[in-house]
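Got the viewer open? Here is a short tour, one selection at a time.

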Amino acid sequence: MFRLYRAMMIAFCAAFAAASATAQQAPAPITLTLKRSLELALQNSKDIKLARIQASVADRVAMIGKADFLPNLYVGSGAGYTYGIPETPGGRAPSVFNVTYTEQVFNLPLRGAAKEQQEQAKAQKILLEDARNAVIAGTATGYLELVKVRHSLELLKRESDSAERILSVTQGRANEGFELPMEVTRSQLTKAQVTQKILQLEGREDELETYLRNQLGLAQEQQFDLSADDLPGSAEQEGANLVAMAMENNTDIRLAQSDVRAKEFRYRGEKAGYLPTLELVSVYSLLAKFNNYTQFFQTFQRNNFNAGVQVQMPIFSARTKAAVGLADVNLQVAKASLENKKNQVSADVRRKTRRLREMDAAKEVARLQLQLAQQNVGALQSQFEEGKTNLRDVERARLEESDRWMAYLDATFQRQQAQVELLRTAGQLDKVLE
């Protein structure tokens, strides 16, 4: 008996220690507001980090194009065995040691290509801003939907209790012969439908929680509560104002404008390819006698230096003509794309503005339906207390009220989602952070 008692105590202590360790390891739940969630998402988003890296790569590419117009200094050696006139495959005299300096001064085709790359680097920064907007929109939508889902689950759990009471009353009346079996089946169906909705919403809740943890940089075991925040009032704007704002701030339009500028730089540069080019050049060479210079030249000088400019005047260049034609076509395509993008964004803003107004109307309808259902519950409750109606009718009214609550939550979320989409299209998504 003592051994059994001792074994039970050891098992109890081990279980208690394991539970204590688990409680210590699990982080305490935190409460997140919409603004705080967006701040965390912007700090920890992997998409934003990737966009920053891509912007940095574009900057480096632009620096490579610009490097030709900066001083470039090279050292090297062309020493080697020669038989006959001493020269290297590049046409220069073989040397033990040489220093070369080059710098482009006037080369408009090359400068046009460099400016095109610089404009493309600026476009990459616009894409970085677009990635930031995508994170804001996704996080805000996920946050607001999770608020709706959790609230809906609370309503469904109360709805499940009402469905259970209705089923119990109906089964009792059926056993007494006051209800048809069909009514029992109908009550069972209502209970099963509520259970199905709960399971569906619990699955969606898990998906949204996982998504927000990844976006916000939280641990997978971190539990969090949400404040029932709405979008800030500063996010409200008139549709006409949003169209004008979209023409200035929409990222798709800004990208198209940047592409037009890049193609203009390239076109102007290629068009100037008929002009001469000018480059600063300077070479110092240290020659060696073992390359037989004395056999082919009257005098030999070990140290050699020359400096000057290299000018090239194009007389006939088939490549320049083809490059100008290609650059012109690309520029026309970019301009047409910009006009199409402006028309598309303008139409999108108007369409999403109309949809937002429709969502406002749908939300008001859902609110009034909810209010009517609440008033109906109140009336039936009073009748039940007076003995004028039965419990089943009251619980069915509560089910109807719960359904109207969920419809109102859905209408509210759809309105919020439409507002976020409209603000993103108009380039005003930062208002969500205010």
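Is alanine 288 buried or exposed? Select it and turn on a surface to have a look. At 5% relative accessibility, alanine 288 is buried, because the cut-off for that label is under 20%. Keep in mind throughout that this is a predicted model.

**Stop 1: around alanine 288**

Alanine 288 sits in the loop that runs from β5 (277-286) to α8 (293-296). Now show what touches it: setting aside neighbours within four places in sequence, the contacts of alanine 288 are Val96, Tyr293, Phe300 and Arg302. Pick out arginine 302 from that set. Along the chain, arginine 302 and alanine 288 are 14 residues apart, and their C-alpha atoms are separated by 6.6 Å.

**Stop 2: zoom out**

Switch to cartoon and show everything. You should find 10 helices and six strands in the protein. The C-alpha trace spans about 130 × 80 × 40 Å along the principal axes. What radius of gyration does the protein have, set against a compact globule of 434 residues? The protein has 38 Å, while such a globule would be near 22 Å.

Colour by burial next, and 38% of the 434 residues come up as buried. The exposed area of the protein is about 25600 Å², with carbon and sulfur atoms supplying 55% of it. If you colour by charge instead, there are 55 positive and 52 negative side chains, and the centres of those two sets lie 7 Å apart. As for contacts between residues at least 6 apart in sequence, 82% of them join residues at least 24 apart.

**Stop 3: the largest nonpolar core**

Nonpolar side chains tend to be buried together in soluble globular proteins. Select Leu32 and Val432: in the largest nonpolar core, which has 37 residues, these two touch the most other members. Then add the elements that each supply at least two residues of this core: α2 (34-44), α4 (108-175), α5 (181-216), β4 (224-226) and α10 (391-425). Which of them gives the largest share? That is α4, with 12 residues.

Stay on leucine 32 and show its contacts, again leaving out neighbours within four places in sequence. The list is Ser37, Leu40, Tyr143, Leu216, Leu218, Phe224, Asp225, Leu226 and Ser227. There is also a second, separate core of 19 residues, and Val260, Tyr267, Ala334 and Leu422 are among its members.

**Stop 4: leucine 338 in α9**

Follow helix α9 (residues 318-385) until you reach leucine 338. Its relative accessibility is 11%, so leucine 338 counts as buried. What does leucine 338 touch, not counting residues up to four places away in sequence? You should see Ile253, Ala256, Gln257 and Val260. Draw a C-alpha distance from leucine 338 to alanine 256: the separation is 5.1 Å, although the two are 82 residues apart along the chain.

**Stop 5: methionine 406 in α10**

Last selection: methionine 406, in helix α10. With a relative accessible area of 14%, methionine 406 is buried too. Residues up to four places away in sequence aside, methionine 406 touches Ser152, Leu155, Leu156, Glu159 and Leu201. For one more distance, go from methionine 406 to alanine 366, which is 40 residues away along the chain; their C-alpha atoms are separated by 9.2 Å.

Note on methods: Residues are numbered from 1 along each chain as its sequence is written. This is a predicted model: local features need pLDDT of at least 70, side-chain atom pairs count only at pLDDT 80 or more; totals for chains, interfaces and linings use all residues. Side-chain values use heavy atoms; hydrogens and water are left out. Helices (H or I, at least four residues) and strands (E, at least two) are DSSP runs, numbered from the N terminus. The radius of gyration is taken over C-alpha atoms; the globule rule is 2.2 Å times the number of residues to the power 0.38. Buried means under 20% relative accessible area, exposed over 50%, partly exposed in between (1.4 Å probe, protein chains only). Contact means heavy atoms within 4.5 Å. Accessible areas come from the Shrake-Rupley method with a 1.4 Å probe; for residues, only the protein chains shown count as cover. Lys and Arg count as positive and Asp and Glu as negative; His and the chain ends are not counted. The place of a charge is taken as NZ of Lys, CZ of Arg, CG of Asp or CD of Glu. A nonpolar core is a set of buried Ala, Val, Leu, Ile, Met, Phe, Trp, Tyr and Cys residues joined through side-chain atoms within 4.5 Å.
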